[in-house]
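Reader: Hello! I am new to this structure and would love a close look at a single part of it. Could you choose a strand and walk me through what lies around it?

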Amino acid sequence: MQQLLDTLKQCGYDPYFVQTRQEALELSKTFIKDGMSVGLGGSTTVSEIGLLDEIVNNKNITLFNQYEKGISMEENTKRRREGMLTDLYVTGTNALTKDGKLVNADGSGNRVAALIFGPKKVLVVIGINKIVENLDEGFKRLMEVAAVKNVDRMNSKSIEMGKEPRHNLDNIANKFTYIKADVQNRISIIIVNEELGY
């Protein structure tokens, strides 16, 4: 793990390794400051460690929450755009390679776009299950694990929000990216020694 952390530092990231989701939550909370604006990328991991609830219930920040129940698609899109110019963008990743690449796919592209450029700071929370050997394994994981499970997740969320379930493997993963480096310390990565997310 130390070798991976060292590699991530060389790529310009600000990496951390914690043992439990509770430790990940406590560490994540230190990135959220009163008065800041916060954007969200769809992430089961962020939800599983309790960070999503923490952010949604924080009245001292400006949150652009595209997942709020009852909002229109127009409002959803507006919040996605606003989230890309925030002080902090909180998300997960589909895969992390041992040579430090963040590998992702998106349907609409707001999450991959925010990872690349826009928010002043990005916080990525990753379960140990997301670590793969190389880029090929990362893209394989995208399509054979993450995309399949995200189709189910997004369709369930659509039904929950009273919308038509329209997600499938053709439209859930339209935009693919990998990031091999970034400006120093813009992207903080918390790796959790638990299996989290997809």
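Author: Happily! Let us begin with one pair of residues: glycine 127 has valine 192 in β10 as its bridge partner. Please keep in mind that this is a predicted model. Glycine 127 belongs to the strand I would like to show you, β7, which spans residues 121–127.

Start with the partner on that side. β7 and β10, the latter made of residues 187–192, run parallel and are joined by six bridges. Besides the pair we began with, isoleucine 126 is matched with isoleucine 191 of β10. Now turn to β4, residues 88–91, which also runs parallel to β7 and is joined to that strand by four bridges. There, threonine 91 stands opposite valine 124 of β7.

With both partners in view, we can step back to the whole sheet. Six strands form an open sheet with parallel pairing, in the order β1-β10-β7-β4-β2-β3. What happens at the edges? β1 (14–18) and β3 (62–64) stand there, and each has a single partner strand, so one side of each is left without a neighbour in the sheet. From one strand to the next, the twist averages 20°.

Back to β7 itself: are its residues buried or exposed? Seven of the seven are buried, so the strand is mostly covered. Their directions are worth following on screen. Lys121, Leu123, Val125 and Gly127 point one way, while Val122, Val124 and Ile126 point the other way, and all are buried. This fits a general pattern: in a regular strand, side chains alternate between the two faces of the sheet.

What lies around the strand? One neighbour is helix α2 (residues 21–29), whose buried residues are Ala24, Leu25, Leu27 and Ser28. The cover over these buried residues includes β7, along with β1, α4 (51–56) and β10.

Another neighbour is leucine 115, a residue of helix α6. Leucine 115 has a relative accessible area of 1%, so it is buried, the cut-off being under 20%. Which residues does leucine 115 touch, leaving aside its neighbours within four places in sequence? Val122 and Val124 are among them, and so are Thr91, Asn104, Ile179, Asp182, Arg186 and Ile187. You have already met Val124 and threonine 91 as residues that stand opposite each other. The C-alpha atoms of leucine 115 and asparagine 185 are separated by 13 Å, although the two residues are 70 residues apart along the chain.

Helix α6 (110–116) also leads us to the largest pocket, since α6 is one of the elements that each supply at least two residues of its lining. The others are α3 (44–48), α5 (73–83), β6 (102–106) and α7 (135–160). This pocket has a volume of about 850 Å³. Its lining holds 43 residues, and those nearest the centre are Arg80, Gly107, Ser108, Met154 and His167. The largest share, nine residues, comes from α7. By class, the lining has 13 nonpolar, 20 polar and 10 charged residues.

Two of those elements return in the second largest pocket, where α3 and α7 are the elements that give two or more residues to the lining. Here the volume is about 190 Å³. α3 gives the most, with three residues, and the lining as a whole has four nonpolar, five polar and two charged residues. Including Thr44, Arg153 and Lys157, the lining residues make a good set to highlight. Threonine 44 sits in helix α3 and counts as buried at 15% relative accessibility. Not counting residues up to four places away in sequence, threonine 44 touches Arg153, Gly197 and Tyr198.

For a last look, return to the sheet and find helix α1 (residues 2–10). Helix α1 packs on the sheet, touching β1 and β10, and its direction makes about 160° with that of β1. Glutamine 10 is in this helix, and with a relative accessible area of 68% it is exposed. Between the C-alpha atoms of glutamine 10 and lysine 78 there are 35 Å in space, and the two are 68 residues apart in sequence.

Technical notes. Residues numbered from 1 in each chain as written. Predicted model: local features only at pLDDT ≥ 70, side-chain atom pairs only at ≥ 80, totals over all residues. Heavy atoms only, no water. Pairing = 2+ DSSP bridges. Axes fitted to C-alpha atoms, helices over the stretch in contact; angles between N-to-C directions. Contact = heavy atoms within 4.5 Å. Buried < 20%, exposed > 50% of the residue type's maximum accessible area, 1.4 Å probe, protein only. 1 Å grid on protein atoms, 1.4 Å probe; cavity = no way out; pocket = protein on both sides within 12 Å on 5 of 7 lines; lining within 4 Å. Points joined across faces, edges and corners; volume = space filled by probe spheres on them. Nonpolar A, V, L, I, M, F, W, Y, C, P; charged D, E, K, R; others polar.
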